[in-house]
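I open this notebook to record what I looked up in the structure. Two topics are taken in turn: helix packing and the ligand site.

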Amino acid sequence: MLKKLSPYTRGYRKWIALGVVCSAMDAIFQLLIPLVMADIVDVGIANADTNFIVRKGVLMVGMALVALAFGLGSAVFSSRAGMGFGANLREAEYARVQSFSFSNIENFSTASLVTRLTSDVNSMQMTLMMGMRLLVRAPVMLIAALALAIGLSRPLSRVFLVAIPLLMVFISILMVKVGPLFRILQEKTDSLNLVVQENLTGIRVVKSFVRESHEKDKFAERNNGLRSTSEKAFGAVVVNMPVMMLIVYGTIIAVMWFGGKMVYAGTMAVGNLTAFFTYIMEILISLMMVSMIFMMMSRSIACAKRICEVLDEVPAITDDRAQSGARVEAGSIDFDHVSFKYNTNGAEWVLENINLHIPAGFTVGILGGTGSGKSTLVSLIPRLYEAQSGTVSVGGRPVADYTMEHLRDAVSVVLQNNTLFSGTIRENLRWGNPKATEEQLQSACRAACVDEFLSRMPDGLDTDLGQGGVNVSGGQKQRLCIARAILKQPKILILDDSTSAVDTATDAKIRQALRKDLTGTTKLVIAQRVSSIADADLILVMDQGHVAAQGTHKSLMKTCEIYRDVYRSQQEGVNIGG
Ligand SMILES: Nc1ncnc2c1ncn2[C@@H]1O[C@H](COP(=O)(O)OP(=O)(O)OP(=O)(O)O)[C@@H](O)[C@H]1O
Ligand SMILES: [Mg+2]
């Protein structure tokens, strides 16, 4: 995993190196200072040599300043390295997510992706930052202080034989207990983010169903789950502190006891005893730091695994099989024995053995009950999903022959649950064609009947749409989405129930305009109303993942019972209404 993530320190390695050097130097200077101190006590004070004391005192202050500078340097460099590493990781993850197909994203859930891009990365960058400072400093301190302490007094150093193993045992117990809790912690964060995300994006639905209190409870439940897990995890970490302190002070008392006796007996100098105390503190504090690093690491290992999962996820749909130079020349569509299911391990096919030929320039209506596979069928054409067996061809070539960019430029889809983005209407329409001229924008607006309400918008094309296009009506949003799709000047235009919220008269107008403006374009129109597709060149009737019948309105009325039933039921509706 380290190998996997280390490339993301690119561009920041010099900061890492500098940070490590600084923190090692900082440690060394801090270790040398007690030696000067011991000199002052044992030589300066013992001989009442003021001159010596002043000289050594100045040296001590100087060393402390140098240590401070290195300490500062290590803090600055490690923050830079940590933040840079975090930024690199986020960027790589984000780029990966952008290459995901619909099915990849469904694998993770968006909420989990958000946590993996934010909280998980934060934890990683914290670990690198702290790790750089402590991971070097603590072992350097530990070993050097131990060596110096032994050098000062071998007999007194025996206290470490008791203290260090005691600490080690305690730290190991802690690690084993706390490690798994951190993994659970990140999962709980995922589940909390899921609720937050779902509720905030769907806040209007929540309000209209008066589900606020229920949703609040749901949030509280997850939030409490997160809290109690954090409490357990960090509680254990906090217990760490007092126990450590107990051992530290126990050791100090032991040293005072034995050291005091040695000073009385004249086998140890007072200054050396003072220095010895400083080293005890250093040694034990280093051990505590090491335990902290391990604790942090067990958390970031959990996070790193989750980040690697994102980085390792293989995009389900790639340009691997694309032939260079393949362009969509014509808008004909062919399905050759195509079968598809969303869940590869699922038993039921969502589409089964579909065979179709749609000549370029045709207008095709698709009708069928909910869940019959209409949206699924059309999503295979721009390769939003990939069929498990059979071939979908566009312009006479399998869709995989084209790069996704070329294919999707030629195939414009208005998805059933389409979204607009925050920004002006003009910006949103330009998604279809960034270089669209004013004239093209106007004509697309005319064709999609956007102009009808555009004149009533406060700033026309420059009206700002709220987040997700909140300040237009459902029917207006659908029309904007159609205009956006038309601007692409596609070879194939797919409208998935895109006029469901538009009144019948406007619906007819849009159809007429599409026929007139996009003459060469193959049009696939999924609709619930027979009237929306009755004049199509070809109508497909979908039923439970099969094309139950195909033909024109006239022929289907004669031959297809499902079609006749749908038609009659809708006619009755009209009669009752009229
Ligand atoms: N992303 C998905 N993951 C798993 N199953 C899905 C997914 N989308 C659709 N399905 C399933 O596939 C089947 C066909 O769905 P599809 O959306 O194609 O129906 P549809 O004919 O467009 O229906 P509607 O008229 O309601 O839009 C349904 O049973 C549905 O549950
Ligand atoms: Mg659908």
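Entry 1, helix packing. At what angle do helix α2 and helix α6 pack, and how far apart are their axes? I note beforehand that the model is predicted. I looked up helix α2, which spans residues 13-45, and helix α6, which spans residues 119-152. Their packing angle is about 30°, and the axes lie 9 Å apart. Because angles under 35 degrees count as roughly parallel, I enter α2 as roughly parallel to α6. I also looked up the handedness: the crossing in which α2 passes α6 is right-handed.

Entry 2, the shell around ligand 1. I find 14 residues around ligand 1, and those that come nearest are Gly371, Lys374, Ser375, Thr376 and Gln416. Which helix gives the most to this shell? I record helix α11, residues 374-379, which contributes three residues. Sorted by class, the shell holds nine polar, three nonpolar and two charged residues.

Entry 3, polar contacts of ligand 1. I looked up the distances from oxygen atoms of the ligand. For Thr376, an N or O atom of the side chain is 2.4 Å from an oxygen atom of ligand 1. For Gly371, the partner is a polar backbone atom, at 2.9 Å from a ligand 1 oxygen. A polar backbone atom of Ser372 is 3.3 Å from an oxygen atom of ligand 1. Finally, I note the coverage: ligand 1 on its own has 640 Å² of accessible area, of which the protein covers 62%.

Methods
Residues numbered from 1 in each chain as written. Chains lettered and ligands numbered in written order. Predicted model: local features only at pLDDT ≥ 70, side-chain atom pairs only at ≥ 80, totals over all residues. Heavy atoms only, no water. Near = heavy atom within 4 Å. Polar contact = N/O pair within 3.5 Å; in protein donor to acceptor, adjacent residues only side chain to side chain. Areas by Shrake-Rupley, 256 points an atom, 1.4 Å probe, with all protein chains shown as cover. Helix = DSSP H or I, 4+ residues; strand = E, 2+ residues; numbered from the N terminus. Nonpolar A, V, L, I, M, F, W, Y, C, P; charged D, E, K, R; others polar. Axes fitted to C-alpha atoms, helices over the stretch in contact; angles between N-to-C directions. Parallel < 35°, antiparallel > 145°, perpendicular 65-115°, else oblique. Left-handed = near helix turned anticlockwise from the far one by under 90°.
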